[in-house]
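Thanks for sharing this one with me. Here are a few friendly notes to read alongside the coordinates.

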Amino acid sequence: MNVHERLAKLGLKLPPPPGAAGRYRPAVVAGGLLFISGQLPIENGKLKYTGRVGAELSEDDGRAAAQLAALNALAQIDAALGGFDRLVTLLRVEGHISSAPGYIYQPRVLDGASDLFSEALGDKGAHARAAFAPSSLPHGAAIELVVTAAVTDR
Amino acid sequence: MNVHERLAKLGLKLPPPPGAAGRYRPAVVAGGLLFISGQLPIENGKLKYTGRVGAELSEDDGRAAAQLAALNALAQIDAALGGFDRLVTLLRVEGHISSAPGYIYQPRVLDGASDLFSEALGDKGAHARAAFAPSSLPHGAAIELVVTAAVTDR
Amino acid sequence: MNVHERLAKLGLKLPPPPGAAGRYRPAVVAGGLLFISGQLPIENGKLKYTGRVGAELSEDDGRAAAQLAALNALAQIDAALGGFDRLVTLLRVEGHISSAPGYIYQPRVLDGASDLFSEALGDKGAHARAAFAPSSLPHGAAIELVVTAAVTDR
């Protein structure tokens, strides 16, 4: 099964990769590495999840937001590499989860991203991880994912 | 035009790179990569911009702070590599912008850094990016930039 | 002196590396790099330091928490590489220090980690660094360290 088939089994489809909103790139590939810009829970060009987990958003909302941001990260990988064949492995996923005061279970939220990467990419989805609990994020986003991966040269 | 000439056209000049204030290095080069320490909006050894965008600082102040931190990052690249010839490309710029509650336009602020990198480095200034909105930063700095780049071996 | 002997001189011992609490890995090695998951001040499987520096915790508590998280990072390096021979150098240490409003001396806290890396690893402990001042962290941890290193292939 390829990535598209694995996503289809989950009822998901690779979206168009969100574009850059300034003089930067959605992703840069060099020296066997892929650095992706911060991915937000955007769907059809609009932020789908805003607010803080533990206040405006439930933990389940947060997990869904994490899955959506991860889906956008997969779209960036696909666009940057022309598919997933050149992907060697994810390296690290840093998840910044907008959090209400006192909410401390950010890893549960970030599991929404880790699970999708594992299910969609199989062994290549292995990753180190770090979760953070900011009180807000740009545009009021619920989550921002920063992903780094190892790739083969063309 | 080289980097110094491009900066001169913008009325800017490469400053001395800020030193480390502890047992760490301003930058480390290994394996074809350059990892730079967090850069603050320091000028002549002093923090020039402190406070939060959306409260003590305007968005324009924030952009100027981002440009200044980016100028310091360029100084670190120059010092670490002995010039810019070994620079292949920037990889990712992570911008942490000290933000008042409710201020959500951090990407506009970070454009102050992205624009400078593009103008000073040309194609080598391409970078992925992530913006964050902490309520405060070390020493009360307005912005902190974390930059990673690809380089050639000597 | 090897790393274990250097730690012993400080009265320290490499602990078992904290495991992953989800579908991610404590560390991933690829392309000559080691990416480690966020390390917390965990001892014997339990968070030893929670709360904010400048409020529930003193600066000295923070430094001790930073040292403990760094010790866990060393344990991850040891486990991922089967010892320290393959470690070329640390690259960057990002330290997120849970901070009370108005507390701005995060670099002093992070010195607790930088000092340990230098003392335990010698020249290989050189690293770029970035300090951050979030108001909270997952599980209420006092500090989270994100470490990246260069390694040789087997």
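1. A word on exposure before the details: a residue counts as buried if 20 or more other C-beta atoms lie within 10 Å of its own, exposed if 12 or fewer, and partly exposed in between, with C-beta atoms placed from the backbone. This is a predicted model, in which local features need pLDDT of at least 70 and side-chain atom pairs count only at pLDDT 80 or more, while totals for chains, interfaces and linings use all residues. Residues are numbered from 1 along each chain as its sequence is written, and chains are lettered from A and ligands numbered from 1 in the order in which they are written.

2. Do look at C:H139, which is not a glycine yet has a positive phi of about 60°. C:H139 sits in the loop between strand 6 (128–132) and strand 7 (143–151) of chain C; strands here are DSSP runs (E, at least two residues), numbered from the N terminus. C:H139 is partly exposed, having 17 other C-beta atoms within 10 Å.

3. A:N44, also not a glycine, has a positive phi of about 50°. Its loop joins strand 3 (42–43) and strand 4 (46–47) of chain A, and A:N44 is exposed, with 7 other C-beta atoms within 10 Å. As background, most residues other than glycine have a negative phi.

4. On symmetry, a turn of 120° and a shift of 0.0 Å along the axis lay chain A on chain B with an RMSD of 0.0 Å (least squares on the C-alpha atoms of residues with pLDDT of at least 70 in both copies). That is the relation of a three-fold axis. The copies use different surfaces, since 12% of the contact residues of chain A recur in chain B; contact means C-beta atoms, placed from the backbone, within 7 Å.

5. Which residue of chain A comes closest to the rotation axis? A:P134 does, with its C-alpha at 3.7 Å.

Conventions
Contact = placed C-beta atoms within 7 Å. Helix = DSSP H or I, 4+ residues; strand = E, 2+ residues; numbered from the N terminus.
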